[in-house]
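Visitor: I would like a close look at one part of this model, a helix together with the pocket and the core around it. Could you take me through that part slowly, as you would at the bench?

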Amino acid sequence: MRRICLLLAAIMFYHLAVSQDDLLKELDSQAPKTTVIENTFKGSRLVNGQTVETRGKGELEFIFSHRFGALNSGSYNLYGLDKAAVRLGLEYGITDRLGVGFGRSSSDKMMDYYVRYKLLRQQTSGMPVTITGFGYASVKLAPPGDATTLNDRTAYVTQLLIARKFTPQLSLQLMPTFVHKNAVDKTIESNDQLAIGVGGRFKVSRSVAITSEYYHRLDVKSTNPYKNSIGFGVDIETGGHVFQLLLCSSQRITERTFITESTGDFFNGDIHLGFNVTRAFQLKKPKPKLAQ
Amino acid sequence: MRILLVVLLSVSIHASAQKLSLEKSKVSFFSKAAIEDIKAENYKAASVLNVSTGEVAFSIPISDFEFDKSLMKQHFNEKYMESEKFPKATFAGKFEGFDPSKKATQNVMAKGKLTIHGVTQEVSVPGTVEWMTDRLLAKSVFKVKLADYKIKIPKMLWQNIAEEVEVTLEFNYKL
């Protein structure tokens, strides 16, 4: 009996002793422990390649990408500034996790179409990474070599983008990549090719980040003339724009070409100055999530 | 002994029954600037109110503010509020002038510590408290000066973001 009384007295004093700060602590203990980590990267492109990021629901992003010629192409070509490759692209967020996009590149007059879906999202506890699936098809409208039908000029790229935001500043990403080309020159490459990409970003201020990206092709034929693609960039964000200033070994902009058909050797001076400029437009207002 | 037990039991039950938690809530803010008006809403706040003492605490998860544009939400969390470092805005204080026995709408002053973006300020904000049939409704509208909480606006965007935002709280405590 005495024990029960002591216990009740303790409970009572506990309740009376609950001060304002204890009320806050009580709230903390009720709060959900885990939250989704967002904004692993600023934009949808790391350098040339994709990031895990999807557009928000109802957001349309216009991406203008531009790559100059190689820096080592001499003063006659104004160190590459005379020659430029361009890609114009659009990406739309159907949901917060599902996006579709397409683009047109000037090199080989190429059309590309893609879909991406955020399969898993990194959380403060539990899920350690964000994983986005990326599926892409491209058609070269200009006939390269013997590939005369559109079907022969079509290629597919499937990527699993695996990223982790280690700190608010540092995010790293791994990109296992599978490329299938309907028609290839069998003496230099296979229809099915594998590559593994690594990349990351480091934020130096609230609006500026440094990025880099490298794609290593696996199982490359000894006669293959192409090089592995490498690139570095600076992301600058202002309002609805992300401006990415790049130095990359590839002048080609989309997955199929820069991963498997990159000709430049970065450390031999084949450096292409380039930029991606994105502008976001909110087409649909997200519906407010109602109270629980 | 038995009487003591009954007294203690009733007191301890009574004491715990005086604390109300939220049934539903709405926290919104509005920023009026030359180029664009920005508003956001949050329905995920948590709060506890001790009716007998008037002590109150609330906690608002920053990343649950919903905006008209998803990019605004991204910038709000990444650049201004740094919500990974400072996931919550909190308040711990007391409703001064609160009389729990009064049924009509009453004006109170919420005095206490408001923490936003990791910076704590002593504040005193006016509000109203009203007993409804099945709940207690507390409302407040007040201004928050961004500089007071070390929330920096880039010079380029000063025309887009106001230096002072108006915050509206609507807390429905279940009885």
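Guide: Two residues are said to be in contact here when they have heavy atoms within 4.5 Å of each other. The model is a predicted one, and the part to look at is helix α2 of chain B, which spans residues 70–80.

It helps to place the helix in its chain before looking closely. Chain B has 2 helices and 10 strands, and from the N terminus these elements follow the order α-β-β-β-β-β-α-β-β-β-β-β. Of the 175 residues in chain B, 50% are buried, and when contacts between residues at least 6 apart in sequence are considered, 59% of them join residues at least 24 apart.

Now to the helix itself. Because 10 of its 11 residues are buried, α2 of chain B is largely enclosed by the rest of the structure. Buried means here a relative accessible area under 20%, and the residues of α2(B) that are buried include Lys73(B), Glu78(B) and Lys79(B) as well as Leu71(B), Met72(B), Phe76(B) and Tyr80(B). After the helix comes Glu82(B), which has a positive phi, near 45 degrees.

Phe76(B) offers a way from the helix into its surroundings, since Phe29(B) is in contact with Phe76(B) and also, among others, with Ile38(B), Phe65(B), Phe67(B) and Val165(B). Phe29(B) is in turn a member of the largest nonpolar core, which holds 45 residues, and belongs with Phe65(B), Phe95(B), Phe171(B) and Tyr173(B) to those that touch the most other members. Apart from this core lies another, of 16 residues, with Leu46(A), Val157(A), Leu161(A) and Val179(A) among them.

The helix also takes part in the second largest pocket, whose volume is about 820 Å³. Of the 41 residues that line this pocket, Ile38(B), Phe67(B), Phe76(B), Tyr80(B) and Ile161(B) are the closest to its centre, and both Phe76(B) and Tyr80(B) are buried residues of α2(B). The helix supplies 5 residues, the largest share of the lining. Other elements that each supply at least two residues include β1 (19–31), β6 (88–96) and β10 (164–174) of chain B, as well as β12 (272–282) of chain A. By class, the lining is made up of 29 nonpolar, 8 polar and 4 charged residues.

Note on methods:
Residues numbered from 1 in each chain as written. Chains lettered and ligands numbered in written order. Predicted model: local features only at pLDDT ≥ 70, side-chain atom pairs only at ≥ 80, totals over all residues. Heavy atoms only, no water. Helix = DSSP H or I, 4+ residues; strand = E, 2+ residues; numbered from the N terminus. Buried < 20%, exposed > 50% of the residue type's maximum accessible area, 1.4 Å probe, protein only. Core = buried A, V, L, I, M, F, W, Y, C linked by side-chain atoms within 4.5 Å. 1 Å grid on protein atoms, 1.4 Å probe; cavity = no way out; pocket = protein on both sides within 12 Å on 5 of 7 lines; lining within 4 Å. Points joined across faces, edges and corners; volume = space filled by probe spheres on them. Nonpolar A, V, L, I, M, F, W, Y, C, P; charged D, E, K, R; others polar. Lists of a residue's contacts leave out its neighbours within four places in sequence.
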